[in-house]
Amino acid sequence: MNDPVLMMPSGGWTVEDLDALPESHYRHELTDGALNVSPSPSSLHQAVTARLMARLEAVAPEPLVVSQAVEVRFGRQLTRIPDVVVVRSDQPGRHWFAASEVLVAVEIESPGSHLEDRATRPVLYARYGIPHYWRIEMEPPLVSTYGIGHGDAYQMTGPDRRLSMREPFAVDITVVELLPPWARRGGGPTVPEQGS
């Protein structure tokens with residue numbers, strides 16, 4: 001690993017500190033000024049994300065914009081990077097959006113992200129008023145959808161094999177359709193042996 005060791009600034013990390021970091025394959029998120037660093041996702045995760053983004057772009061009406069892996073800023077020391085977002089923004093080319101611009105946040109579950117995707121993110125997204133949260137599992141292919149219910153908490157529906165929604169726009173996708181053909185055949189990625 002050639003990345004330098006990142007030392008915590010006095011008072012914790014801020015979005016200004018994140019903006020000053022060089023581009024990398026790591027995801028940097030803030031929780032109350034603490035820096036969370038995640039490796040780049042697997043090829044299966046990226047394939048599902050890309051296929052979902054293409055499907056949503058095909059049905060999302062103007063002026064909504066579908067993007068992937070961009071930062072959502074909840075505060076100066078609190079951020080997340082959903083896998084896919086649907087936003088309404090006058091400046092859709094930015095590398096971050098305010099929570100008030102996000103209509104849908106989508107997470108594709110990965111090994112190691114279950115607690116974050118099932119507990120932390122839904123609470124955070126609901127508290128900051130993101131109207132819709134969709135969580136996609138790949139084994140088996142399922143989706144759970146969340147919408148603002150009473151107060152600032154989500155009500156969950158699912159899990160289901162279909163992503164079938166009317167709000168914020170009509171979408172109907174069978175989750176297995178998001179898997180690339182090699183994953184549907186059970187030929188998912190494997191870890192090569194050391195030294196091969």
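Two strands are taken to pair if DSSP finds at least two bridges between them. Strands themselves (E, at least two residues) and helices (H or I, at least four) are DSSP runs, numbered from the N terminus. The model is a predicted one, in which local features need pLDDT of at least 70, side-chain atom pairs count only at pLDDT 80 or more, and totals for chains, interfaces and linings use all residues. Residues are numbered from 1 along each chain as its sequence is written, and side-chain values use heavy atoms, with hydrogens and water left out.

One open sheet is formed by 3 strands, in the order S5-S4-S7, with mixed pairing. Strand S5 (78-80) and strand S7 (96-98) each have a single partner strand and stand at the edges, so one side of each lacks a neighbour in the sheet. Strands S4 (residues 71-75) and S7 run parallel and are joined by 3 bridges; in one pairing, valine 72 has phenylalanine 97 of S7 as its bridge partner.

A second open sheet, also of mixed pairing, places 6 strands in the order S3-S6-S8-S9-S10-S11. Its edge strands, S3 (65-68) and S11 (154-160), pair on one side only. Between S10 (residues 141-148) and S11, which run antiparallel, there are 5 bridges, and tyrosine 146 finds its bridge partner in methionine 156 of S11.

Helix H3 packs on this sheet, touching S8, S9, S10 and S11 (contact means heavy atoms within 4.5 Å), and its direction makes about 165° with that of S9. Such angles run from 0 to 180 degrees between N-to-C directions, with axes fitted as lines to C-alpha atoms, for helices over the stretch in contact.
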